[in-house]
Every structure is written in structure tokens, then in C-alpha cells.
Amino acid sequence: MTNGCATPSGIEPAMGRGMMRLLALALAAAALAGCAQSSVVSSKSELRQSREASLERDRPTSSVPKRRAAVVKKHTPFASQRPVVGTGTASQGIASFYTEGTKTASGEKFNTHDLTAAHPTLPFGTRLRVTNVSTGRAVTVRVNDRGPYIQGRIVDVSYSAADALGMVGKGIANVKLDVVQ
């Protein structure tokens with residue numbers, strides 16, 4: 001006891017080992033806590049994904065659960081084929097229809113029962129008379145979305161408009177588009 005501290009010779013190394021064990025135990029606990037937290041986060045996101053998938057499965061399988069009547073211009077074989085004053089022919093080509101989606105490019109909620117259409121370039125709100133070339137059936141739709149995104153197609157119409165045109169069975173139809181001002 002020369003400096004006033006009494007330390008038996010074997011105690012210091014034992015305290016060092018104990019501190020090292022305590023430090024190792026604390027690091028291991030911290031690592032496990034980090035792993036547990038990340039697995040909770042990933043299981044929460046997996047739970048959210050499975051919940052969304054479950055909601056998708058619970059939707060009715062019918063493409064259109066409720067039907068509404070659409071306003072259709074009937075084909076009149078002896079009527080004049082001249083365009084109405086104030087219209088212009090936009091184009092002729094293949095049309096398809098779509099029933100999926102929640103929001104349109106214009107920001108509106110998508111509704112398969114509305115007489116609407118997706119066109120790549122025409123301004124939103126433009127009224128189009130879509131005429132099925134093979135049947136002569138026509139319907140007037142309002143552009144509220146962008147598309148179609150399949151090569152060779154010129155317009156996507158809502159289910160209601162497709163039903164009015166008589167193209168639901170085939171899914172596509174050769175159509176003529178006239179812009180109604």
C-alpha cells in the first residue's frame with residue numbers, strides 16, 4: 001500500500017474481463033434490437049401488401065357490376081353520311097376499351113359507366129363522336145384521359161361506350177372519330 005489504494009493483484013484483470021463481457025453483451029443486445037425493429041417494419045409493409053392484395057381479390061369478378069343504359073345514336077342506313085356542321089374528322093383506326101383504373105389523367109375519378117374516352121393528344125373535355133365502321137353504331141364521348149398505350153390504337157373508350165358501340169365481345173373495333181365542337 002504505497003499510494004493509498006488497495007488493489008489485490010488478481011482483481012484488475014477480472015474486472016476488465018467482466019467489463020468486456022458486459023460490453024459484448026450490450027453490443028449483441030443492440031444488434032438484436034436493430035434486427036427486430038427492421039423485421040417489424042418489413043412485416044408491417046408485408047402486412048399492408050397482403051391486405052391490399054386481399055382487397056383486390058375481394059372485388060367482384062364481373063368487369064361491370066352494375067349496368068346503366070347508355071345513350072346511343074342508332075344507325076340509320078338512309079341518313080346522310082356528311083359530318084355535322086362544326087365537326088372535323090380526327091382519325092380512323094382501332095379502338096379498344098378499358099375498365100380498370102381509379103383516376104384519369106385529367107384528375108377525375110374513372111367511372112366505367114360514363115361515356116368517356118382516352119386519347120393521346122386531344123384536349124380534355126373534347127367531345128368525340130366514335131362510330132363503329134362495321135356496324136354503323138355511334139356514341140359521343142368526352143375525352144378525360146390519356147391513352148391508348150398500345151401501338152396501332154387511336155382511342156380507348158369506357159365500358160359503357162364500348163357496349164353502346166357493340167365492341168365488348170371482341171374488345172376492339174375499327175372506328176371513325178369525329179370531333180364535335
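**Exercise 1.** In this predicted model, decide whether tyrosine 159 is buried or exposed, and then find which residue forms an aromatic pair with tyrosine 159.

*Solution.* The relative accessible area of tyrosine 159 is 11%, and because buried means under 20%, tyrosine 159 counts as buried. Turning to the rings, two aromatic pairs are counted in the model. In one of them tyrosine 159 meets phenylalanine 97 in an edge-to-face arrangement, with 5.8 Å centre to centre and 70 degrees between the planes. This pair links distant parts of the chain, since phenylalanine 97 belongs to strand S1 (residues 87-98) and tyrosine 159 to helix H2 (residues 159-165), 62 residues apart. Phenylalanine 97, for its part, is partly exposed, with a relative accessible area of 22%.

**Exercise 2.** Work out how the rings of tyrosine 98 and phenylalanine 110 are arranged, and which parts their pair ties together.

*Solution.* The two ring centres are 4.8 Å apart and the planes differ by 20 degrees, which makes the pair stacked. Tyrosine 98 lies in strand S1, whereas phenylalanine 110 lies in the loop between S1 and S2, so the pair ties together parts that are 12 residues apart in sequence. Both tyrosine 98 and phenylalanine 110 are buried.

**Exercise 3.** Explain why strand S5 is described as largely enclosed by the rest of the structure, and state in which sense S5 pairs with strand S2.

*Solution.* Strand S5 covers residues 153-158, and five of its six residues are buried, so the rest of the structure largely encloses this strand. Strand S2 (residues 116-118) pairs with S5 in the antiparallel sense over two bridges, and alanine 117 stands opposite valine 157 of S5.

Technical notes:
Residues numbered from 1 in each chain as written. Predicted model: local features only at pLDDT ≥ 70, side-chain atom pairs only at ≥ 80, totals over all residues. Heavy atoms only, no water. Buried < 20%, exposed > 50% of the residue type's maximum accessible area, 1.4 Å probe, protein only. Helix = DSSP H or I, 4+ residues; strand = E, 2+ residues; numbered from the N terminus. Pairing = 2+ DSSP bridges. Phe/Tyr/Trp six-rings, centres within 6.5 Å; stacked < 30°, edge-to-face > 60°.
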